[in-house]
Amino acid sequence: MYLYDALDKEFLADRSAEFRGQVARRLAGELSEDQFKPLRLMNGLYLQLHAYMLRVAIPYGSLNAVQARRLAEIARRYDKGYGHFTTRQNIQFNWIKLADAPDILDQLAEVDLHAIQTSGNCIRNVTADPYAGATAEEVDDPRVWSEVIRQWSTLHPEFSFLPRKFKIAITAAPKDRTAARVHDIGLVARRDRDGTLGFEVIVGGGQGRTPYVGPTIKEHLPAGRLLSYLEAVLRVYNRHGRRDNIYKARIKILVAALGAEEFGRQVEEEWAKIDGARADLPDTELARIRGAFATTPFETLPATSAIFEANKAADPAFARFARNNVKPHKKSGYAVVVVSLKAVGQTPGDATADQLEVVADLAERYSLNDLRVTHAQNLVLPHVKLDDLPVVHAALQKAGLATANIDLASDIIACPGLDYCALANARAIPVAQHIAAKFADADYAEKVGELKIKISGCINACGHHHVAHIGVLGVDKKGEEFYQLSLGGSGAEDASIAQILGPALPADKVAEAVDTLVDKYLSVREGEERFLDTFRRVGMAPFKEAVYADAH
Amino acid sequence: MKVVTANRLIDGEVVFWKAGQWVERFADAELFTEAEPGEAAVAVGKGQPKVIVEPYLIDVVESGSGLAPVSYRERIRALGPTNEPTHGKQAEGGAAIEALQHASGAARSSGRLDLIRRK
Amino acid sequence: MPTLIKLTGGAFADLDNEFVHVADEDDAPNVDAVILSFTRFQAEGEALLAAGRKVGVRLESDQAVEDLAYDLPRLSVVALAFPKFRDGRAFTSARLLRERLGFTGEVRAVGDVFREQAGFMVRCGFDAFEPSDGSTAQEWGTAAGRFRHVYQRAADDRAPAFEERA
């Protein structure tokens, strides 16, 4: 794991001091709200419905135990004892006072955490595969490149006032757990036939009002040229991205308007003019960062564990957990454990301070002091010994964190929606809770299999409804909450944008409609086919008929 | 009928205008039946950038159980998040809070969609 | 005349602004130093330079600095406009002027120029500022010197973190 050195720490301290000064000037009336708003947003501080909300970055989704405990302390001391994990590997505190924000940032900085660039029209927190360094699928450790980009993008002098926000995701595995294809830039690491590391560069994906699966503008960017190429992409965007209309200002609109080929050509032209010796990271620094991630002290263990097998045989709940939440690890005798924050009835992505502390302890004792956050709003203990799985499971169970539903229908992504968010048109959380309740029977949920339901409370699509197998979008119809369903999206390596099912439904009909869709799926699926694959095979018609015939 | 609302600068708390003061309870808010005094209150609020952020008028109606903001959003601001019933203003409980919660229930239930309409 | 803050040898100082901004519709004042729009410069620049005047050009945020490349050696000032402080195109323009086009004259920030951006501006190669927020040279110095470290190379000569570490 990368540890901040004195220089990184001084940087955070300086940033915190700067913000303290800005808050003081705002409170003293020296800065107007119009002047202050972009400044607080650059530190992730929003004014929401009930209070300020502070969005803290978890760069590439990686935390250690000390950091997780500090988040718990902040939740307890400055919030109401909980935090909300987002679809971009951040954590949000919902009940923050402006006057407390500088102290909170100081306390975060003490453990190398910050809120830098978690909002604003700049390069946002870089997200990465939460299984990085643990999965056998990856061709390289994406955290290395994420940390390279974190440093490069931090208070970038040229790219901090872009036309609009800018999000980068990185994965190095064929199975995409980052939604790379719906980011402003998605980077997929690959090795050439001769083993040379490079990135497929996907630019101009995105969700919101105008969803796009991003086109690939470079098939194999030599890894060492990453920063100069990013500089070229960002420069073309900064100069030519639209600034006249906030809804058309993302890079996806520029890429779509020019066409991927022309956009790619302009990037190449700009890239050719950049002096790589100045713009690319020196190999020595790359080696330093790589070294920090290469030191995970794995033990040599047998591939199977008698304890693990015996417990699976003896305890059906544990066996279910093992089936759904335990994923293969690159080292024999280890596993990746996904901790669900989607217990039925819970707010998706919320964790209490107590739960954060439990997970921090488990990470410290059983996962090499490593904890991850997923874009699906769950947590990951990436390096757990098979022998330790039963005790980890028992501890999670005790904390209400052992729900065995990863990627099942009740593992729902939901934004905070109108319960908290000033931009929302409708609530998302209660809808998620109603739908999850339909799949409370774990046998039934497993029978249904992989089903990604994602809910957004407005068109901004923080809940990723465009790339859901079943997407739910809250809309405001004459002051009432209505929900538009869409089917067939995916944010993974087979990315696609969901298609609208039909007219929006009132709040109390949504869970029922999802139920109907799943019934239809079960009646037409072939073999072990996922919901998404069935939809792709049979199309919209049977689902549409089922829901709207049922509703009338 | 209208009420003036804003968020308090220092902590973001939802506040309502009451005779020159900013109060925390919707039930205590001053009710404006005429446009002019409400707009005057907003203007005063705009002159208090060290106290509150972005004052604006909201529509309120008689909902059957008492006065309530017309829009769902404003009802949530006046109460707190519906997923955490012990958080925010609703934690206080009491008749006025219950009336607001009831109003929101009425607004949502199917078949009575026209009961409360946003202008 | 707007206040001018000038950065020389790492120090910020309030200076008299010897340049007069001449709007396209105004008559050219009889002064030694003027800043013109690009259009007006194309029409009148030659004559003014021949008459021994100091000439600066103001580029709006949607104008490409490359279009000035030929004339740069003769210009005293390139003024880059921030129509709103959130419009960040001038940061790119400044870097290109310094790093790609080798401009050594004054690069001046005009328009909605806000001291919170001092650090970004200096790093991109600006060395003169007409603040619109009433801020002073001393405040610009504080704002620009806020960070002890930087993470990337830009148009200034600051060593990025990876060089400090090496």
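Throughout these legends, contact means heavy atoms within 4.5 Å, and the model shown is a predicted one.

**View 1. The surroundings of Asp140(A), in the loop between β6 (127-128) and α5 (142-153) of chain A.** Once its neighbours within four places in sequence are left aside, Asp140(A) is in contact with Trp145(A), Ala172(A), Arg191(A), Leu197(A) and Arg290(A). Two of these residues are also polar partners of the aspartate: the side chain of Asp140(A) makes a polar contact with the side chain of Trp145(A) at 2.7 Å, and another with the side chain of Arg290(A) at 2.8 Å. Asp140(A) has a relative accessible area of 9%, and because the cut-off for a buried residue is under 20%, Asp140(A) is classed as buried.

**View 2. A second aspartate, Asp129(A), in the loop between β6 and α5 of chain A.** Asp129(A) is buried, its relative accessible area being 1%. Its side chain reaches the backbone nitrogen of Tyr131(A) at 2.9 Å, and that side chain also makes a polar contact with the side chain of Arg177(A) at 2.8 Å. Beyond the neighbours within four places in sequence, the residues in contact with Asp129(A) are Thr135(A), Pro142(A), Ile170(A), Thr171(A), Ala173(A), Arg177(A), Thr178(A) and Arg372(A). For one of these, Ala173(A), the C-alpha atom is separated from that of Asp129(A) by 8.0 Å, although the two residues are 44 apart along the chain.

**View 3. The interface of chain A and chain C, the pair that shares the most contacts of the 2 pairs of chains in contact.** Chain A contributes 45 residues to this contact and chain C contributes 34. The area buried between the two chains is about 3,700 Å², with carbon and sulfur atoms giving 54% of that area. On the side of chain C, the residues that lose the most area to chain A are Phe147(C), Tyr151(C) and Arg165(C), which together account for 20% of what that side buries.

**View 4. Charged and polar pairs between chain C and chain A, with the elements of chain C that take part.** There are 12 salt bridges between chain C and chain A; one that can be traced in this view joins the side chains of Glu10(A) and Arg148(C), with an N to O distance of 3.9 Å. Across the same interface, 23 residue pairs are in polar contact, counting pairs in which both residues have pLDDT 80 or more. The elements that give two or more residues to the side of chain C that touches chain A are α2 (89-100), α3 (118-124) and α5 (161-165) of chain C, and α2(C) gives the most, with 7 residues. By class, this side of chain C is made up of 13 nonpolar, 5 polar and 16 charged residues.

**View 5. The interface of chain A and chain B, to which chain A gives 35 residues and chain B gives 29.** Between them, chain A and chain B bury about 2,700 Å², 55% of it on carbon and sulfur atoms. In chain A, Leu49(A), His50(A) and Glu480(A) lose the most area to chain B, together 21% of what that side buries. This interface has 0 salt bridges, while 12 residue pairs, both members at pLDDT 80 or more, are in polar contact across it. Two or more residues each come from α1 (6-27), β5 (90-96), α15 (429-438) and β19 (480-487) on the side of chain A that touches chain B, and the residues of that side divide into 17 nonpolar, 6 polar and 12 charged. Chain B and chain C, by contrast, do not touch, and their nearest C-alpha atoms are 17 Å apart.

**View 6. The largest nonpolar core, with 164 residues, and the surroundings of Ile185(A).** The residues with the most contacts inside this core are Ile185(A), Phe199(A), Phe263(A), Leu381(A), Leu80(C), Phe126(C) and Phe129(C). Helix α6 (residues 226-240) of chain A supplies the largest share of the core, 9 residues. With neighbours within four places in sequence left aside, the residues in contact with Ile185(A) include Phe166(A), Ile168(A), Val201(A), Val203(A), Leu230(A), Val233(A) and Leu234(A). A second, separate core of 38 residues includes Leu408(A), Ala432(A), Val518(A) and Phe531(A).

Terms used
Residues numbered from 1 in each chain as written. Chains lettered and ligands numbered in written order. Predicted model: local features only at pLDDT ≥ 70, side-chain atom pairs only at ≥ 80, totals over all residues. Heavy atoms only, no water. Buried area = accessible area lost by both parts, 1.4 Å probe. Salt bridge = Lys/Arg side-chain N within 4 Å of Asp/Glu carboxyl O. Polar contact = N/O pair within 3.5 Å; in protein donor to acceptor, adjacent residues only side chain to side chain. Helix = DSSP H or I, 4+ residues; strand = E, 2+ residues; numbered from the N terminus. Nonpolar A, V, L, I, M, F, W, Y, C, P; charged D, E, K, R; others polar. Buried < 20%, exposed > 50% of the residue type's maximum accessible area, 1.4 Å probe, protein only. Core = buried A, V, L, I, M, F, W, Y, C linked by side-chain atoms within 4.5 Å.
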